[in-house]
Amino acid sequence: MRIFFCNDSRDLMDKLIINGGRPLDGAIRISGAKNAVLPILAGTLLAEGPVTVSNVPHLNDVTTTVSLLGRMGVDLVVDEKLNIEVDPQTIKEFCAPYELVKTMRASILVLGPLLARYGRAEVSLPGGCAIGSRPVDLHIKGLQAMGAEIDVQNGYILAKAKRLRGAKLVMDTVTVTGTENLLMAATLAEGETIIENAAREPEVVDLADFLNKMGAQISGAGTPTITVKGVDSLKGVRYRVLPDRIETGTYLVAAAITGGRIKVKDTDPKLLDSVIVKLRDAGAKITLGDDWIELDMQGRRPQAVTVKTAPYPAFPTDMQAQFTALNVVAEGTGSVTENVFENRFMHVQEMQRMGADVRVEGKTALTRGVKNLNGAQVMATDLRASASLIIAGLVANGETVVDRIYHIDRGYEAIEEKLSQLGGKIRRIAV
Ligand code: UD1
């Protein structure tokens, strides 16, 4: 096994120091989507030949997935352009251990492919997480309906099946990785699987496109009903991951909040409708191209907006914290309602430490915009909360120190380099 993709020396205790108060101005390139590359890498396990995945972002979650596959004995080669070639046929073990699953919940995505292709899997339960309990009951229920025998013992999901059978699956809740796990399992099942109330996220569609390229027969991805006709085998292919819509949205908000101007390139504007509507409500002038978005605040302060998260195509929960940051410095009163996760407002307390007038009532963060935030020492608690604190730091007076930034490295490629390219004053220090 050769793995050239390893954790760099960035330490868990690194901090980001931001000197705010300058409008961002410039252009950046958007990376491949984290939430697409993770299921696609898990999906390579289904193939009978080598798979090459390109436009892979350099993220710690990708490193974790590579380590996970590597531990199973899967042969992986990562080249200097971060194309990852996976030869799943060298697999020797069928286990996702707790040490890896606890650092990345998306490790659960190997469950469906292992079971479908090899008839067995041992995957640690993800356990709690900073943004709520996040169960995986719907993944398990769906696989059981397809004929899998599943026991949960000592914190592990122990699953086996001779060959999965197609089934009609009606999801109680719209779940992204749940839909993806069942979709992958269904590709090699005997007969037809119908997933009702499926997640419609673009990353689900990207996974389905990837699986279809391998020879799967999936229709309806991107709608609430996905139909999969099981096939006997899937072949190795080359596949390019779609652009990251959440990274795109994060940089657009960063420019908007500073009254600046940005061109984001190599993205897909069609995936950001709900976010673009809210940025226009905030007063941004936005121009769209085929694969780029330009935002210009013309030096103005944003107007506060009302945002309610829900599954795609509604406003994404992964953009909620960034819009809370926008609202705390905007003109007027704003509200951000979180409907997907139960506890996703930890950034609010940190923003209060920077002088924000924001309080949480039930599922809603209510803001009265202040003209100026003040730099402070703040702590990141999850990936998108980290992004929102960095954004707040870009507009705050003086120095903001963001602690525990290992969260940001899970999901944003080269964030300080990209922000520096836009004129932001940001640097990383090792402690
Ligand atoms: C994925 C994304 C994450 C995003 C989230 C919602 C990846 C790798 N991560 O996470 O960035 O914030 O979608 O868009 O793609 N639920 C259950 N039972 C289950 C599964 C989920 O009750 O078996 C609930 C969850 O607690 C949550 C809701 O369903 O309240 C949605 O969660 P889900 O879509 O599963 O999130 P993830 O797939 O983990």
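**Figure 1. Surroundings of Ser54 in the predicted model.** Ser54 is buried, its relative accessible area being 16%, in a model that is predicted. The residue belongs to strand β3, which covers residues 51–54. Beyond the residues up to four places away in sequence, Ser54 touches Asn83, Tyr239, Arg240 and Val241.

**Figure 2. Surroundings of Ile426 in strand β24.** Strand β24 comprises residues 425–429, and Ile426 is placed in this strand. With a relative accessibility of 9%, Ile426 counts as buried, because the cut-off for a buried residue is under 20%. Ile18 lies 408 residues away along the chain, yet the C-alpha atoms of Ile18 and Ile426 are separated by 4.4 Å. Ile18 is also one of the contacts of Ile426 when neighbours within four places in sequence are left aside; the others are Leu16, Ile17, Ile390, Glu416, Leu419 and Ser420.

**Figure 3. The largest nonpolar core, with Leu183 and Leu211.** This core holds 83 residues, and Leu183 and Leu211 are the members that touch the most others. Helix α1 (residues 34–43) gives the most to the core, contributing 6 residues. Another core, of 64 residues, lies apart from it and has Leu326, Met351, Ile405 and Leu422 among its members. In soluble globular proteins, nonpolar side chains tend to be buried together. Around Leu183, with residues up to four places away in sequence not counted, the residues touched are Ile195, Val204, Leu207, Ala208, Leu211, Ile218, Ile226 and Val228. Leu211 is thus found among the residues that Leu183 touches.

**Figure 4. Burial of helix α1.** Of the 10 residues of α1, 9 are buried, so the helix is largely enclosed by the rest of the structure. The buried set consists of Lys34, Ala36, Val37, Leu38, Pro39, Ile40, Leu41, Ala42 and Gly43. The charged residue type lysine is represented in this set by Lys34.

**Figure 5. Helix α4 and the elements that cover it.** Helix α4 spans residues 111–118; 6 of its 8 residues are buried, so this helix too is largely enclosed by the rest of the structure. Its buried residues are Leu111, Gly112, Pro113, Leu114, Leu115 and Ala116. The cover over these residues includes two strands, β7 (120–124) and β9 (156–160), together with helices α1, α5 (137–145) and α6 (176–187). Gly119, just after α4, takes a positive phi of about 75°.

**Figure 6. The whole chain, as context for the close-up views.** The secondary structure of the protein comprises 14 helices and 24 strands. The radius of gyration is 21 Å, close to the 22 Å that the globule rule gives for 431 residues, so the protein is as compact as a globular protein of that length. Along the principal axes, the C-alpha trace spans about 65 × 45 × 40 Å. Buried residues account for 58% of the 431 residues. Of the contacts between residues at least 6 apart in sequence, 74% join residues at least 24 apart. The accessible surface comes to about 16700 Å², and carbon and sulfur atoms hold 47% of it. The protein carries 50 positive and 51 negative charges, whose mean positions are 2 Å apart.

Methods:
Residues are numbered from 1 along each chain as its sequence is written. This is a predicted model: local features need pLDDT of at least 70, side-chain atom pairs count only at pLDDT 80 or more; totals for chains, interfaces and linings use all residues. Side-chain values use heavy atoms; hydrogens and water are left out. Helices (H or I, at least four residues) and strands (E, at least two) are DSSP runs, numbered from the N terminus. The radius of gyration is taken over C-alpha atoms; the globule rule is 2.2 Å times the number of residues to the power 0.38. Buried means under 20% relative accessible area, exposed over 50%, partly exposed in between (1.4 Å probe, protein chains only). Contact means heavy atoms within 4.5 Å. Accessible areas come from the Shrake-Rupley method with a 1.4 Å probe; for residues, only the protein chains shown count as cover. The place of a charge is taken as NZ of Lys, CZ of Arg, CG of Asp or CD of Glu. A nonpolar core is a set of buried Ala, Val, Leu, Ile, Met, Phe, Trp, Tyr and Cys residues joined through side-chain atoms within 4.5 Å.
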